[in-house]
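Colleague: I am in my first year and still learning to read models like this one. Could you take me slowly through a single part of it, and then through what surrounds that part?

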Amino acid sequence: MLAWIQRIWVVCLLLASGTVAIWVVGSGAPLWVALLIAGLVVNIHAIGLAIEFMWLGSVHPGPKIPRPSAAALFAAWWGEVVTGLRVFAWRQPFRSNAESDALPTTPNRRGVLFVHGFVCNRGLWNPWMQQLRRNGTPFIAINLEPVFGHIDRYVQGIDVAIARLELATQCPPIIVAHSMGGLAVRAWLRDCAGDHRVHSVITIGTPHAGTLMARFALSANTRQMREGNHWLRALAASESRERRSLFTCYFGHCDNIVFPARNGMLEGATNHHVPRVAHVDLAFHRPIFDDLLARTTR
């Protein structure tokens, strides 16, 4: 469903861009002006991102986490503008099924489960899946449905995918989760007592303690990401120290969705701060992928 919504959005943007360009040329303006304005329409998301980064810059990231400089925020903003186009205007709306799951016919090596975040789908992981396929690593990437539903409703889909990887590889998989996906994985561990069924969990930009951005949340799953809400508190209370030790959490002070930055950390986990990288762009940070590759051979 999400792919269709995003396709419609992309088509509407292109139509609006073309209409504005034709109108500008018809009014007597030079062609370069029309192209410039058309480009601004297509990149309207850059304005929304700029507002997010200004808000982020006004919030203290947390103890022992450095405040991002203006240059760092600008670099992160630009990276997110470019990555946003690749993800939301191409991979997710038009290429969500371009990379099929890769399961071996005989057990060979540890597998990977990819779990995306809010308003994303499995197309987010296309670059990772391409590299794992070349590397011969089994993987599954799921779609979390319903898009705007309760996070607890994603547990069953995760459980089915874990079972498929266990059956195909005969060993517990590694889970890689971006943003809200990390909370869905924690809910799965809680509901299915899945500690022994997973090798380790890598979360990327997950609002483990919520985010200020969810203050204006409307959907069920985004309301669950508000700081201090009952669902997050109950989730945290259900977790043992041993379960938390399964997690490696990558977070950053330039994350324009999960802030303050300290909220991307999970007490008892291994936490890594990544500077100068924004929320979606963080999912493609090369050292994180290298970390995953190293785990698949252990």
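Modeller: What follows is a close look at Val119 and at the spaces and residues around it.

This is a predicted model, in which local features need pLDDT of at least 70 and side-chain atom pairs count only at pLDDT 80 or more, while totals for chains, interfaces and linings use all residues. Residues are numbered from 1 along each chain as its sequence is written, and side-chain values use heavy atoms, with hydrogens and water left out.

Val119 sits in the loop between strand 1 (112-115) and helix 5 (126-135), where helices (H or I, at least four residues) and strands (E, at least two) are DSSP runs numbered from the N terminus. Its relative accessible area is 28%, so Val119 counts as partly exposed; buried would be under 20% and exposed over 50%, with partly exposed in between, using a 1.4 Å probe and protein chains only. Leaving aside neighbours within four places in sequence, Val119 is in contact (heavy atoms within 4.5 Å) with Leu2, Gln6, Phe88, Gln92, Val147 and Phe148.

Val119 also takes part in lining two spaces, a pocket and a cavity. Both are found on a 1 Å grid over the protein atoms alone: a cavity is a set of points where a 1.4 Å probe fits but cannot get out, a pocket is an open set with protein on both sides within 12 Å along at least five of seven lines, and lining residues have an atom within 4 Å of a point. Grid points are joined across faces, edges and corners, and a volume is the space filled by probe spheres set on the points.

The largest pocket holds about 1100 Å³ of space, and of the 39 residues that line it, the closest to its centre are Glu52, Phe88, Phe118, Val119 and Ile257. Phe88 is therefore a residue to notice twice, since it is also a contact of Val119 under the 4.5 Å limit. Helix 1 (2-26), helix 3 (45-57) and helix 4 (70-94) each supply at least two residues of this lining, and the largest share, seven residues, comes from helix 1. By class, the pocket lining has 26 nonpolar, eleven polar and two charged residues, where Ala, Val, Leu, Ile, Met, Phe, Trp, Tyr, Cys and Pro count as nonpolar, Asp, Glu, Lys and Arg as charged, and the others, Gly among them, as polar.

A search of the whole structure finds one cavity of 30 Å³ or more, and the largest cavity has a volume of about 40 Å³. Val119 lines this cavity together with Leu2, His116, Gly117, Phe118, Cys120, Leu144, Val147, Tyr154 and Met180, a lining with eight nonpolar, two polar and no charged residues. Leu2 and Val147 are among the contacts of Val119 and also belong to the cavity lining.

One further feature lies in the loop between strand 2 (139-141) and helix 6 (155-169), namely Pro146. The peptide bond from Glu145 to Pro146 is cis, with omega near 0°, whereas most peptide bonds are trans. Finally, for a sense of distance, Val119 and Ala161 are 42 residues apart in sequence and 20 Å apart in space, C-alpha to C-alpha.
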